[in-house]
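Subject: Handing over the structure, with notes

Hello,

I am passing this structure on to you, and I would ask you to keep it open beside my notes while you read. Please take your time with the definitions, which I give at the point where each term comes up.

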Amino acid sequence: MRLTSGGLIDRDRQVGFTFDGHSFLGFEGDTLASALLANGQRVVARSFKYHRPRGILSAGSEEPNALVTVGRGPGQEPNVRATMLELRQGLVAASQNAWPTVGFDLLEVNDLLSPFFSAGFYYKTFMGRGESKLRVWEALFEPAIRRAAGLGRLSREAVHLHTDSAFGFCDLLVIGAGPAGLMAALVAGEAGADVILADEDSLAGGRLKGDPQEIAGQGGAAWAAAAVARLTAMPNVRIMPRSTVTGAYDQGTYALVQRHVPAPGRPEETFWRIAARHAVLATGALERPVAFVNNDRPGVMLAGAVRTYLNRYAVAPGQRAVVYGASDEAHRTAADLLKAGVHVAALVDARPGVSTTLDIPFFTGHVEAAHGRELEAVTIRRADGSSDRLHCDLLAMSGGWNPNLHLSCHMNGRPRWDDSLQAFVPVEGAVPGMRYAGSVTGAETTADCLTQGQRAASEVLTDLGRQAPAMDLPDTSDTTRAAQPIWMVPGKGRKWVDFQNDVTDKDIRLAAKENYRSVEHMKRYTTQGMATDQGKTGNVTALSILADATGRTIPETGTTTYRPPYAPIAIATLGGHGQGKGFAPERLTAPHNVTLSMTAPQIEAGLWYRPSYFPRAGEETWRQSCDREVTMVRSAVGICDVSTLGKIDVQGRDAAAFLDFVYTGTMSTLAVGKVRYGLMLREDGHVMDDGTCARLGETHFLVTTTTAAAGLVMKQLEFAAQVLRPELDVHLVSVTEQWAQTAVAGPKSRELLNAVLDTPMAEGDWPFMSCGDVSVGGIPARLFRISFSGEHAYEIAVPARYGESLFRQLVTRAEEMGGGAYGMEALNVLRIEKGLLTHAELDGRTTAYDLGLQSMMSKKKDFVGRAAAGREGLLDPERPRLVGLKPVGAVQQLTAGAHLFEPEAEPVRVNDQGTISSVAYSPTLGHFIGLGLLKEGPERYGEQVKMVDHLRGVTTLCEVCSPVFFDPEGGRVRG
């Protein structure tokens, strides 16, 4: 079926590929669809519900039929549109939704059973009341339907796709590289604007690639290539072929998926976020099929697609053709077929009083039905009522054109109906900053498209304060379509509207009859427009049928909601780098290698790797190491890397007022050189995080967060600064990775620090909760007198590149003083002994009241979450509230996550009194201790409760006590 000449393919570069295990040849520049047609492969897929044979319908991203699986094994990808898949050497593709073969599919029996499978059949047949009917559904119908459902199959093996993500910025994003888009890019580019020209095809030109018209005395495709060459020479213009703009979002942000030609080291796809000051939508129009009996048979194609295969790919989709439509373009299609040497059996024009100059049989009327499993003949109904049956293997049909306006509707609703065009068109201003040009507005000629592209770019340049260059528009040879819409042809039999989901005119009329008259209800009841093409070819035809069935006009019927993405996107592409370590990065602290050299096992903490404990000779279990480290901190000095705590630098004239707003307490009264413990709430009144706030200068603060919530707090502060209090002059930056911070804790902590500080501390110089600048070996550092252990302690921060050296020095000196490094296990024990909180307690469900921190909620100012935190339910005395727990019975073990009950109560849900959030064995106290949330907790000190862990089979009698087990007066931390 390959023509001997013509086309935009490279005949010198032959490409081998396989389809369903059979080897074929194509050329560089082919798509899989054009290569299959060239090799005479007419049946390429099966429909979803009835498994009817399907052939190629279109030549673009609107293709509903030709979905294939590409590749084998872990990398196989289902539901790839053959019309968009560029042919490459060694390509392996397979049909799907068929067994055993696409040519002989046993499930085609569904087509014979179609009277039982009408719209909504599963609701009516398999659902109902009664336990017996439910059992039948679960045992028989649901498994059978699930096995038959779906299009294509994943391999179920791990896939390592190379995808990327990127950001782009421009003055003007031109969406579509047809004549209107090319002209808009040329005008803006010549004026010096930063332009991105994106098109989903590999070649620019839009419909010019498929029509043999002339522009400026040369072929349309040649003019497009010359325009691309001009744009490529402009340093301010970026051309992005194979790039589909899939969504329009707030503030000029557009989602774009770029496909790449396979090459070693190159990603398969890149997901772009484009921030554009302005956009020009020049996406053209989509041809729609006509609904007539058996219009879904292989060999029935869109007329514009036939011209594309003829003129771009040099492929004749058939040998004996009938052309049917109600526009001058149907005549052009017939002329192109004749020129290519294809026998045209007839040209059928639905418009009365129209004739043709072509030397072929001409009829005024309609194609009423198609015949054959693959197209063999059509029945033509003449205007006078007589009919003819013509043999053919190709029917080129055109029911009219729908502007491809999806992106214009992604933000503010639905399009507008244009009576003169009998089509929906974009609404001006629906997407701020977006203008429309070309066939998307209903423009019919290339001259009109060029004019609109120039005008849209000139308007953008005016808004940008630039002068539009003088540019003469080229002459064009095409004329108007002079089209009339054809929605459906009367006739006895099923007429297909959604080719992939097997939705017919009868399904739509049934939906209306059963009172699913709303277009949104009809869509869901019939699944019209819910296939992978998202109704690009069939939705407007469906609206016309629904309108007729309900006695309304099409605009009265309305449209369904257009939502992103415009075209299917692989989840891996959306994830970008989010796989492997890109999904869960390994974040390593500055002294990571030092801790490894000390044989410390590493554990994950908020994506960071931190040492769990530091084993020494003779210690056989982690508990032995942990107990030693706790005792070491209590009696001498311990060193712990705490760099993973979130650190956010807050500066600006209104920094203090801003922190007053985000913290429950007041930070504006904090003196320079002082630190204050702070609490942050979510807007719903629950605790988000706790931490410290240090005032380094009059307008300079450093906020610390827990390791787990560093990102959440940064997000919250950014939101508050940009949305809640945009009038405040405040600037935020995360400096977590820029500073290595080490805790020095224990009675000998000041002595140790004085051995490394350039200026030793005198007693009383650094009272509890103070901060300031120091230096170590000439390196500027920051010192904070804070403690997460309940001991006299400090945290010293140095630039990250010095963190490893400082940690080594501190550990060496600590060991000389009878101390050493301690890890996360000991840190947890120390904080539980002191009753300090982590996200085991700040689990997203607790409030300041639950945690005994209600006194930190200022009554003199507003803050995030204040109103919600005062809700009656969040102040209920019976809420689970923070307590301490210690075992008092024969069983001494406590387990985190266990539930609490009255001693004599049955341990079932209705008797649940609370849970244990954290537990530890305390070598300081000689027994297990725990923190928990118990109903009416603080009022129950001295009572006994029963801890029950059904999972581990542990039951322990506990005494309720204060959550502060060690040094409740705080003498050690302040001394």
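What follows is a description of some sheets, salt bridges and surface features.

Please bear in mind that this is a predicted model, in which local features need pLDDT of at least 70 and side-chain atom pairs count only at pLDDT 80 or more, while totals for chains, interfaces and linings use all residues. Residues are numbered from 1 along each chain as its sequence is written, and side-chain values use heavy atoms, with hydrogens and water left out.

Sheets

I begin with the strands and helices, which are DSSP runs numbered from the N terminus (H or I of at least four residues for a helix, E of at least two for a strand). Two strands are said to pair if DSSP finds at least two bridges between them.

One open sheet has 5 strands in the order β2-β1-β7-β5-β6, and its pairing is mixed. Its edges are formed by β2 (22–28) and β6 (77–81), each of which has a single partner strand, so one side of each is left without a neighbour in the sheet. From one strand to the next, the twist averages 40°, where axes are lines fitted to C-alpha atoms (for helices over the stretch in contact) and angles run from 0 to 180 degrees between N-to-C directions. Within this sheet, strand β1 (residues 10–19) runs parallel to β7 and is joined to β7 by 3 bridges, and threonine 18 stands opposite valine 92 in β7.

A second open sheet, also of 5 strands, has the order β35-β36-β37-β34-β38 with antiparallel pairing. Here β35 (675–681) and β38 (731–734) stand at the edges with a single partner strand each, so one side of each has no neighbour in the sheet. Neighbouring strands of this sheet are turned against each other by 25° on average, if direction is ignored. Strand β34 (residues 646–651) and strand β37 (residues 700–705) run antiparallel and are joined by 6 bridges, with glutamine 651 opposite histidine 700 in β37. Helix α18 (residues 710–724) lies across β34, β35, β36 (687–697), β37 and β38, and runs at about 165° to β38.

Strand β8 (residues 163–175) is worth following as well. Parallel to β8 runs strand β15 (residues 269–281), joined to β8 by 12 bridges, and cysteine 170 stands opposite alanine 276 in β15. With strand β9 (residues 195–198), β8 pairs in the parallel sense over 4 bridges, and there leucine 173 has isoleucine 196 as its bridge partner.

Salt bridges

A salt bridge is counted when a side-chain nitrogen of Lys or Arg lies within 4 Å of a carboxyl oxygen of Asp or Glu, and a search of the whole structure finds 46 of them. In one, glutamate 791 meets arginine 634, with the closest N and O atoms 3.1 Å apart. This pair links distant parts of the chain, since glutamate 791 is in the loop between β41 (779–784) and β42 (793–799) and arginine 634 is in helix α16 (residues 622–635), 157 residues apart. Are these two partners buried or exposed? A residue is called buried under 20% relative accessible area, exposed over 50%, and partly exposed in between (1.4 Å probe, protein chains only). Glutamate 791 is buried, because its relative accessible area is 2%, and arginine 634 also counts as buried, at 8%.

Another salt bridge joins arginine 808 and glutamate 804 (3.2 Å, N to O). Because they are 4 residues apart in helix α20 (residues 803–816), these two are separated by about one helical turn. Arginine 808 is partly exposed at 40%, and glutamate 804 is partly exposed at 28%.

A buried residue and a surface patch

Glutamine 741 is in strand β39 (residues 739–745) and is buried, with a relative accessible area of 4%. Leaving aside neighbours within four places in sequence, glutamine 741 is in contact (heavy atoms within 4.5 Å) with several residues, including Cys640, Phe784 and Ile796.

Finally, leucine 107, in the loop between β7 (91–94) and α2 (109–112), is partly exposed at 35%.

With kind regards
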